[in-house]
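Biologist: Please take one part of this model and walk me through it closely. I would like the hairpin first, then how the rest of the chain is built around its core.

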Amino acid sequence: MTEEKKIYVREFDPDLRAPQVIHDWSGTARVIRYVGRCIICVRPTFEADDGGNDPRGVMGDYANQGLDAKSHGMVGDDVVLCWRCGNEEGSYKRAVWLAAHHYWQHPSDIAEDDENQYDSY
Ligand SMILES: [Zn+2]
């Protein structure tokens, strides 16, 4: 008789900021890390070390769907956005606007700054 593989899923805790080890449906251990709060709804968001941020998994709406400056033609750090806000048109557009006006720079603005630096030499 073969022993059945024990499958267990630890409840994901969105209030925990320390890395969490989750055992998925296949029994594979996955490390889930806190990323930050959503720019729109301030929900805490998380990412898995294996890159699998599927919201159908344990993270649900807490999965980070970060905004990438480069994909919007801007320069800057990724901005934290939860899965729910990232998938609602109004929230998504507001997040991009906030990021573009408060966190990112347009490449031409950076080029101007560089030129001004040279002027002072
Ligand atoms: Zn959100």
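Modeller: Start with a residue pair: His23 stands opposite Ala29, and Ala29 belongs to strand S2. Keep in mind that this is a predicted model. The pair sits in a hairpin formed by S1 and S2. Strand S1 covers residues 20–23, and strand S2 covers residues 29–37. Their pairing is antiparallel and runs over four bridges. Five residues lie between the two strands. One residue in the turn is Gly27, with a positive phi of about 90°.

Now the wider chain. Three helices and three strands make up its secondary structure. Read from the N terminus, the order is β-β-β-α-α-α.

Next, the core. The largest nonpolar core has 20 residues. Cys38, Ile39, Val79, Leu81 and Ala95 touch the most other members. Three elements each supply at least two residues of this core: strand S3 (44–48), helix H1 (83–86) and helix H2 (89–102).

Look closely at Ile39. Leave aside residues up to four places away in sequence, and Ile39 touches Val79, Val80 and Leu81. On the same count, Ile39 also touches Ala95, Leu98 and Ala99. Among these partners, Val79, Leu81 and Ala95 are themselves on the list of residues that touch the most other core members.

Last, the chain-wide figures. The chain has 121 residues, and buried residues make up 22% of them. Take the contacts with a separation of 6 or more: residues 24 or more positions apart account for 37% of them.

Notes: Residues numbered from 1 in each chain as written. Predicted model: local features only at pLDDT ≥ 70, side-chain atom pairs only at ≥ 80, totals over all residues. Buried ≥ 20, exposed ≤ 12 C-beta atoms within 10 Å, placed from the backbone. Contact = placed C-beta atoms within 7 Å. Pairing = 2+ DSSP bridges. Core = buried A, V, L, I, M, F, W, Y, C linked by C-beta atoms within 7 Å.
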